[in-house]
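Trainee: I have not seen this structure before. Could we go through it by questions?

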Amino acid sequence: MAVPGAVVPMRIEVLHLYRTLLRVGRQFSDYNIGEYSKRRTMDAFRDNKNLTDTRLLSAAFSDGKAQLEVAKKQAIVYSLYAPKVKSILDF
Amino acid sequence: MAAVRGTLLKHLRVNATPLPLLRNPKTFPNGLFNLTFNAVRCFSDVVMGSFLDKSEVTDRVVSVVKNFQKVDPSKVIPNAHFQKDLGLDSLDTVEVVMALEEEFGFEIPDNEAEKISTINHAVEFIASHPQAK
């Protein structure tokens, strides 16, 4: 019986999501949040690297997509209040 | 740092490299081909930018890969395959390509980035991209 919404992502979709999340992390004007986003995506994808259960896979993938939406909105919000001077760590 | 170096080199370097005809395979009849090609070249300096020199690209790509945390610097040679020789997985390969994007200051679209699996491939791709800085 097919569970609604349990679409198993293909490998290339997962890599595409990874790349998109890293790009959004790069866009953040706040160095700290940007680094956190990148670090968190790398950790999360690595932890779930060896999943084989289809339900866990599709849950993780949709979780990733939801986080991407949040991150994109936050990148815009943070850019509205960007600090005038770049963080010293950002060079 | 790399961006400053790139800008400096761009100002000091003379852009005298002719574009090889193969780069723009437009399908016009023979007579028109040369005309349109030269017309494109006339406006090209500002619009198309210049291509980076291959040995410089190789040096920069090799140094980016050597600085990558999961890579053993002694194994990095221009022929190296990210997954087979350097022991990276597909997530690491994505990260390496992102690092190359940052080094050269231009975005590599996903479908092209998927195909980059060796250092030589990355060098060829970047050297043939006018937006690379």
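Mentor: Over residues 13-70 of chain A the chain is 84% helix and 0% strand, with the end C-alpha atoms 19 Å apart; helices (H or I, at least four residues) and strands (E, at least two) are DSSP runs, numbered from the N terminus. This is a predicted model, in which local features need pLDDT of at least 70, side-chain atom pairs count only at pLDDT 80 or more, and totals for chains, interfaces and linings use all residues. Residues are numbered from 1 along each chain as its sequence is written, chains are lettered from A in the order in which they are written, and side-chain values use heavy atoms, without hydrogens and water.

Trainee: Which feature does UniProt place at residues 13-70 of chain A?

Mentor: The entry is unreviewed, and such annotations may be inferred rather than shown by experiment. The name given there is "domain: Complex 1 LYR protein".

Trainee: How far apart are the end C-alpha atoms of helix H3 of chain A?

Mentor: H3(A) covers residues 54-80, which is 27 residues. The expected span is 1.5 Å times one less than the number of residues. That gives 39 Å, which agrees with the distance in the model, 40 Å.

Trainee: Which residue caps the N-terminal end of H3(A)?

Mentor: Look for a side-chain oxygen close to the backbone nitrogen of A:Arg55. One lies 3.1 Å from that nitrogen, and it belongs to A:Asp53.

Trainee: What covers the buried residues of H1(A)?

Mentor: Buried means under 20% relative accessible area (1.4 Å probe, protein chains only). The buried residues of H1(A) include A:Leu21, A:Arg19 and A:Arg23. Their cover comes from both chains, and includes H2 and H3 of chain A together with H5 and H6 of chain B.

Trainee: How much area is buried between chain A and chain B?

Mentor: The contact (heavy atoms within 4.5 Å) takes 13 residues from chain A and 16 residues from chain B. Buried area is the accessible area (1.4 Å probe) that two parts lose on being put together, summed over both. Carbon and sulfur atoms give 50% of the total, which is about 1,500 Å².

Trainee: Which three residues supply 44% of the area that chain A buries against chain B?

Mentor: No other three residues supply more. They are A:Arg19, A:Arg23 and A:Arg26.

Trainee: Which element gives the largest share of the largest nonpolar core?

Mentor: A nonpolar core is a set of buried Ala, Val, Leu, Ile, Met, Phe, Trp, Tyr and Cys residues joined through side-chain atoms within 4.5 Å. The largest has 28 residues. Helices H4, H5 and H7 of chain B each give two or more residues to this core. The largest share, six residues, comes from H7(B).

Note on methods. Buried means under 20% relative accessible area, exposed over 50%, partly exposed in between (1.4 Å probe, protein chains only). A polar contact is a pair of N or O atoms within 3.5 Å; within protein, one must be able to donate a hydrogen and the other to accept it, and residues adjacent in sequence count only if both atoms are side-chain atoms.
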